[in-house]
Amino acid sequence: MIEDIEIGELRTLCQVIQEKYKYDFNNYAISSFKRRVIRFLELFKVPNMTVLIEKIKTDPAFFKTFMNELTVNVTEMFRDPSLWRDIRDKVLPNLFSTQETIKIWHAGCSSGEEVYSMCILLKENGWLDNVKIWATDIDENILAKAKAPKYNMKNMFEVNEKNYIRYGGTGKLSDYYKEEHGVAHMDTSLVSNVTYRTHDLVKSGIFNKFDLILCRNVMIYFNQQLQNEVFKLFHESLFNYSYFIIGSKETLIWSEIAGKFITINQEEKIFKKVKE
Amino acid sequence: MSLQNLNIDKSRFKAVVIGGSAGSFQVVTKILAEINPGFDLPIFMALHRLKHVRNGFVEALMLKSKLNIVEPDDKESIKRGIVYLAPSNYHMSVELGYKIALSTEEMINNSRPAIDVTFDSASYVYKNKTLGIMLTGANKDGAWGMKRLKDRGGFAIVQEPSECTIDTMPTAAIKATQVDMILHTSDIIKVLNSLV
């Protein structure tokens, strides 16, 4: 059992990572960041922080593994089914009422479940060819998995399928994957309009303009100061009168850009940009 | 352990953490119904609950509660006298700087929210000024968190196992660490009200 990590040790770790690898974790939320580090120490049998910091300093491959474990890659298809109904019945019809094609950004797409959820929704409503999607994540390993996902069947049945049914899809979730040896291979033709790329919300900045941005349960791992900066990035990356969707327990009320959005649905955390 | 000997310094605590599984709903209802309305510490509650039911839990608890209960948003500032209930499908932590932090990390003992996460993070911030209470429950989630809380000098109360519908949780906590008191619900309420 790992003893407690001191804040000072976490600060040193962040400093080393920033100097050597140019990732800035200084403004990550302490409680979860500390838990991720402890989890890593236990998983990889690293005896203490001094050893960890030394290994990260000297071994880039080791750091890659560390990055991969640090980011939280727990997600679901159609998480919060009622939100997905709102996307289908309100958000997208509103956008399509005045334009033929729309651009969507999934920021922090992790293993890709949400991107597939979106593409299934689009396909079932005949919109798939009218949408271009960008899916980004800080972690290149997870992006590789997101592109051609193999989701385990237990999760598929117990979580994803249940969510899909609650959402009220027109088909069966099994229409969109092939099962082999307890693993669901997703139908990659669904994501032919998706561009996957690495992007670090902390430092990569704006790369395109969108009609809809989804960034759900990503910013909970940041402190408020960093959240505020990232909110500004999203505001800048949205066309006026476009939509912004965050996690059901995230909020932008205290951020600088709060006054530039109106709330479309408080429960589902759907916002609309109304001011440049 | 008798309550007569109870001699807890009122100013000793800064926060209360309560853990239990779905079956603890009635115990929690009773505690919140009989707690002194002037109770002015924050209370953090991690109770196992259905992951796909987002609404209704707070409303049901509020019916009889003397204190205000919220399912906080991420990074919400912690106020005294408020009960913070971990939202469904999120772990709830106390963040340095007295904020709530939510997370979607892996389930722990098949649970999200996990009691371990709330107990561990709260006692990291409030140190020996943390009062932990473990109620009836059906798995061992919370035992490790209770040990962390004790290691940091916190005070541990466990619901009397014989009173519990399912005693796995309190029994696991008792095994994991040297708890300070094993009490019936009515005495847990007395302890809390002695802090007002």
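This short talk walks through two interfaces and some salt bridges in the structure shown above.

Let me begin with how the model is to be read. This is a predicted model, in which local features need pLDDT of at least 70 and side-chain atom pairs count only at pLDDT 80 or more, while totals for chains, interfaces and linings use all residues. Residues are numbered from 1 along each chain as its sequence is written, chains are lettered from A and ligands numbered from 1 in the order in which they are written, and side-chain values use heavy atoms, with hydrogens and water left out.

I start inside chain A. The domain assignment, which comes from an automatic or database source, divides chain A into domain 1, residues 7–70, and domain 2, residues 81–273, and the C-alpha centres of these two domains lie 28 Å apart. If we take contact to mean heavy atoms within 4.5 Å, then 10 residues of domain 1 of chain A are in contact with 14 residues of domain 2 of chain A.

The size of an interface is often given as the accessible area lost when the parts come together. Buried area here is the accessible area, with a 1.4 Å probe, that two parts lose on being put together, summed over both. Between the two domains of chain A this area is about 1,100 Å², and carbon and sulfur atoms give 49% of it. On the side of domain 1 of chain A, Asn27(A), Tyr28(A) and Asn68(A) lose the most area to domain 2 of chain A, together 47% of what that side buries.

Now for the charged pairs. A salt bridge is a side-chain nitrogen of Lys or Arg within 4 Å of a carboxyl oxygen of Asp or Glu, and by this rule 0 salt bridges cross the interface between the two domains of chain A.

Let us turn to the interface of chain B and chain A. Here 31 residues from chain B and 42 residues from chain A take part in the contact, and the two chains bury about 2,900 Å² between them, with 41% of it on carbon and sulfur atoms. How many salt bridges does the rule find across the interface of chain B and chain A? It finds 8, and a search of the whole structure finds 28 over all chains.

One residue to look at is Asp4(A), whose side chain meets that of Arg152(B) in a salt bridge at 2.8 Å, N to O. Asp4(A) also forms a salt bridge with Arg148(B), with the closest N and O atoms 3.5 Å apart. This pair crosses between chains, from the segment before helix H1 (7–21) of chain A to helix H4 of chain B, where helices are DSSP runs of H or I with at least four residues, and strands are E runs of at least two, numbered from the N terminus.

Are these two residues buried or exposed, if buried means under 20% relative accessible area, exposed over 50%, and partly exposed in between, with a 1.4 Å probe and protein chains only? Asp4(A) is partly exposed, at 27%, whereas Arg148(B) is buried, at 8%.

Arg148(B) has a salt bridge within chain B as well, to Asp120(B), with the closest N and O atoms 3.7 Å apart. Asp120(B) sits in helix H3 of chain B and Arg148(B) in helix H4 of chain B, 28 residues apart, and both residues are buried.

Finally, Arg35(A), Arg36(A), Arg39(A), Glu69(A), Glu105(B) and Glu106(B) are linked in a network of salt bridges.
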